Amino acid sequence: MNDVLFFVHSGIGRITLNRPRALNSLNHDMVRAIAERLEAWRSDPAVHAVLIDGAGERGLCAGGDIRAIYEDARGGGSASLRFWADEYRLNALISRYPKPYVALMDGLVMGGGVGVSAHGSHRIVTERSRVAMPEVGIGFVPDVGGTYLLSRTPGQLGTHIALTAGSISGPDAIHCGLADHFLRSERIPDLLDALASHSPDTALELVAEPAPPSELAADAEWIDHCYAADTVEEILSRLRAGGDAAATLAKEIEAKSPTALKVTLRALRTAAALPDLETVLAQEYRVSHRALSSAEFIEGIRAQIIDKDRAPRWSPATLSEVDDALVDSYFAELGDAEQRFFTPDR
């Protein structure tokens, strides 16, 4: 298939996401193809390491194919559930892959792009990297193991990233544990050359450089104070009282789906106590299953992606209207439907 390219050269199995006009967004066929190739390369002696990158100049991957999910949700279908089940299993496969998995996180890396990169063993960012989990802006909740990663950042930086839906720089991603190495984008060809004759560890020693300072790290004190609160309402109250920069963030958060904000905060707090990525992915599947049938998700995609009027009509419209019962419903076990996650659909 042309949407994702595979080849092996000098011991490197290379995966190139190849939908540059769609910012390399992932569709179901791509997810399945990547998983199948990784399984094949697992025992292939000609492949010593895997590298994933994105075609074009704009980034690795902007996430899942949101338009396809929108049409599925509007039609009451289940194709998105099968997509997510396979995607989340791919995220788990990447996290425990027995060979080095090198992710070039250059440019935009959002949503599903984080899922195919930030669970790898060697995660590389550049000065052009912008990493984001923007789901609350479309009435959704961070998935692809995003709540696992964000719940394990220093202090409350992950809560800040999730609730604002904003992007962070390469140095910020390293500080937050979403990436490992920094190099200038102009040196990516040098890295590829080095990988042809060296292990990923040695190649990175040759071309990587110390990351610039993280701006998030510099702001950690007030971010930790504001986002350590137990409720979204209290987080907003602390932000409004925290100075101009914090108050601006409060306004940004207030524009997001009230339901998605409360479910996201619950998901992050719960994920922090769960033992491993697979357990968190199972929780995310329950939340995604519930979100697919919610009006919030459809309305968020309509406003941000389809009509682009940037004026979503959330329902419930305020945080006070989102009660505990509604939040609880997103985390309820799914019974037979949950087997879609645990049983591959081939």
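**A buried asparagine and a helical packing region**

The side chain of Asn-24 comes to 3.3 Å from the backbone oxygen of Leu-60 in this predicted model. Asn-24 itself sits in the loop that runs between strand S2 (12–17) and helix H1 (28–42). With a relative accessible area of 1%, Asn-24 is buried, since the cut-off for that class is under 20%. Setting aside residues up to four places away in sequence, the contacts of Asn-24 are Leu-17, Asn-18, Arg-19, Met-30, Gly-54, Ala-55, Gly-59, Leu-60 and Cys-61. Leu-60 thus appears both in this list of contacts and as the residue whose backbone oxygen the Asn-24 side chain reaches.

Helix H1, which follows the Asn-24 loop, also holds Arg-37. Arg-37 has a relative accessibility of 32% and counts as partly exposed. From Arg-37 to Cys-176 there are 139 residues in sequence, and the C-alpha to C-alpha distance is 30 Å.

Attention now turns to helices H12, H13 and H14. In helix H13 (residues 244–254), the buried positions are Ala-246, Leu-249, Ala-250 and Ile-253. These four residues lie on the same side of H13, because they cover an arc of only 105 degrees around the axis. It helps to recall that an α-helix has 3.6 residues a turn, so residues three or four places apart point the same way. The other side of H13 carries the exposed residues Asp-244 and Lys-251. Among the elements that cover the buried residues of H13 are helix H6 (157–164), helix H11 (220–227), helix H12 (232–240) and helix H14 (258–273).

A comparable description applies to H12. Its buried residues are Val-232, Ile-235, Leu-236 and Leu-239. They span an arc of only 95 degrees around the axis, and therefore share the same side of H12. The partners against which these buried residues pack are H6, H11, H13 and H14.

How are two packed helices described? The angle between their axes and the distance between the axes serve this purpose. For H12 and H14, the axes come within 10 Å and cross at roughly 100 degrees. The two helices are therefore roughly perpendicular to each other, as angles of 65 to 115 degrees are classed that way. On the H12 side, the contact is made by Val-232, Glu-233 and Ile-235, and on the H14 side by Leu-261, Lys-262 and Leu-265. Sorted by class, this contact comprises four nonpolar, no polar and two charged residues. Val-232 and Ile-235 of H12 take part in the contact with H14 and are also among the buried residues of H12.

How values were computed
Residues numbered from 1 in each chain as written. Predicted model: local features only at pLDDT ≥ 70, side-chain atom pairs only at ≥ 80, totals over all residues. Heavy atoms only, no water. Buried < 20%, exposed > 50% of the residue type's maximum accessible area, 1.4 Å probe, protein only. Polar contact = N/O pair within 3.5 Å; in protein donor to acceptor, adjacent residues only side chain to side chain. Contact = heavy atoms within 4.5 Å. Arc of directions from axis to C-beta. Axes fitted to C-alpha atoms, helices over the stretch in contact; angles between N-to-C directions. Parallel < 35°, antiparallel > 145°, perpendicular 65-115°, else oblique. Nonpolar A, V, L, I, M, F, W, Y, C, P; charged D, E, K, R; others polar.
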